[in-house]
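Reader: Please take a close look at one loop in this structure for me, and then work outward from there to the helices, pockets and charged pairs. A connected walk would help me more than a list.

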Amino acid sequence: MNAYTAKEALARLVAGNQRFVSGKARFPVIRKEVLKQLAKGQRPYATILGCSDSRVPVELLFDAGFGELFVIRVAGNVISPEVMGSMQYAGVVLRTPLFVILGHEGCGAVQAALAAKLKGTRQGRHIEALLANILPGLQGAGSLAAAVEANVRWSMHQVLETPEGKAGAARGVKLVGAIYELETGRVRFLEP
């Protein structure tokens, strides 16, 4: 079992982000003995599905050390079979009590999906495949900010509708959505 409950894990993320925003992050200095211990196995307290955007360094913005977070990054923080497999591994094998879908302001993938929806803008075929994972969640979203939040909620919905998502919720595993604010460094957790 993991050493933290979902509530405790969320509190750690919130506190870490507060340290990051206030300039009081404790960015870890890694020692050989820590690496040696981590080589034996991992027990992250949270799993984060975030965007691959270079401006969103998940471990840094939560002031987390080596081995504390299981991070999955893909443009637009979209759900795919590979992402679901990674999340299932985190839940079943690593037993993380908390899962976070982390979007961010100004997301290029969401912006491209919104442009495709509103203007019919076309992209290359692999980007189109990525956007196809975002578009169903953008109903009613007219602005980029609304679309980013809608995309986070869409990813959460997709996870919660799976048998694994339902089983995790029944075991007390928590899934939350969040938006990273690029200019401030603040992570805003979404209300359910």
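Author: Happy to. Asparagine 77 sits in the loop that runs between S2 and H4, so let us start there, keeping in mind that this is a predicted model. The backbone at asparagine 77 has a positive phi of about 40°, although the residue is not a glycine. With a relative accessibility of 1%, asparagine 77 counts as buried, because buried means under 20%.

A second residue with a positive phi is found beyond H4. Arginine 95 belongs to the loop between H4 and S3, and its phi is about 60°, again without being a glycine. For arginine 95 the relative accessible area is 30%, which makes it partly exposed.

H4, which borders both of these loops, leads us to the largest pocket. This pocket holds about 310 Å³ of space. Its lining consists of 19 residues, and those closest to the pocket's centre are Phe99, Val159, Glu164, Gly165 and Gly168. Helix H4 (81–92) contributes the largest share of that lining, with 6 residues. At least two lining residues also come from each of helix H7 (144–160), helix H8 (163–170) and strand S4 (174–180). By class, the lining has 10 nonpolar residues, 6 polar ones and 3 charged ones.

H7 deserves a pause of its own. The helix has 17 residues, and at 1.5 Å a residue these should span 24 Å; the C-alpha atoms at its ends are 24 Å apart, so expectation and model agree. Its buried residues are Ala147, Val148, Ala150, Asn151, Val152, Ser155, Met156, Gln158 and Val159. One of these, Val159, is also among the residues closest to the centre of the largest pocket. The partners against which the buried residues of H7 pack are H4, strand S3 (98–104), helix H5 (108–119), helix H6 (125–134), H8 and S4.

From H7 we can step to the second largest pocket, whose volume is about 210 Å³. H7 and S4 each give at least two residues to its lining, and S4 provides the largest share, 4 residues. Among the residues around this pocket are Leu10, Arg153, Met156, Phe189 and Pro192. Met156 is thus part of this lining and also one of the buried residues of H7. The lining as a whole has 7 nonpolar residues, 1 polar residue and 3 charged residues.

H7 takes part in a charged contact too. Glutamate 149 and arginine 188 meet through their side chains in a salt bridge, 3.7 Å from N to O. Because glutamate 149 is in helix H7 and arginine 188 in strand S5 (residues 187–189), the pair ties together parts that are 39 residues apart in sequence. Both partners are partly exposed: glutamate 149 has a relative accessible area of 24%, and arginine 188 has one of 29%.

That contact belongs to a set of 8 salt bridges in the structure. Another of them joins the side chains of arginine 12 and glutamate 68, with 2.9 Å between N and O. Arginine 12 is in helix H1 (residues 6–21), while glutamate 68 is in the loop between H3 and S2, so here the parts tied together are 56 residues apart in sequence. Arginine 12 is partly exposed at 23% relative accessible area, and glutamate 68, at 21%, is partly exposed as well. Glutamate 128 pairs with arginine 122 in a further salt bridge, 3.8 Å from N to O. Arginine 122 has a relative accessibility of 64% and therefore counts as exposed, the cut-off being over 50%. Arg19, Arg26 and Asp63, for their part, are linked in a network of salt bridges.

Let us finish in the loop that carries glutamate 68. Glycine 67 is located there as well, between helix H3 (58–61) and strand S2 (69–73). Its relative accessibility of 30% makes glycine 67 partly exposed. Apart from neighbours within four places in sequence, glycine 67 is in contact with Leu38, Arg43 and Pro44. Leucine 114, by comparison, lies 47 residues from glycine 67 in sequence and 35 Å from it in space, C-alpha to C-alpha.

How values were computed. Residues numbered from 1 in each chain as written. Predicted model: local features only at pLDDT ≥ 70, side-chain atom pairs only at ≥ 80, totals over all residues. Heavy atoms only, no water. 1 Å grid on protein atoms, 1.4 Å probe; cavity = no way out; pocket = protein on both sides within 12 Å on 5 of 7 lines; lining within 4 Å. Points joined across faces, edges and corners; volume = space filled by probe spheres on them. Nonpolar A, V, L, I, M, F, W, Y, C, P; charged D, E, K, R; others polar. Expected span 1.5 Å × (residues − 1). Buried < 20%, exposed > 50% of the residue type's maximum accessible area, 1.4 Å probe, protein only. Contact = heavy atoms within 4.5 Å. Salt bridge = Lys/Arg side-chain N within 4 Å of Asp/Glu carboxyl O.
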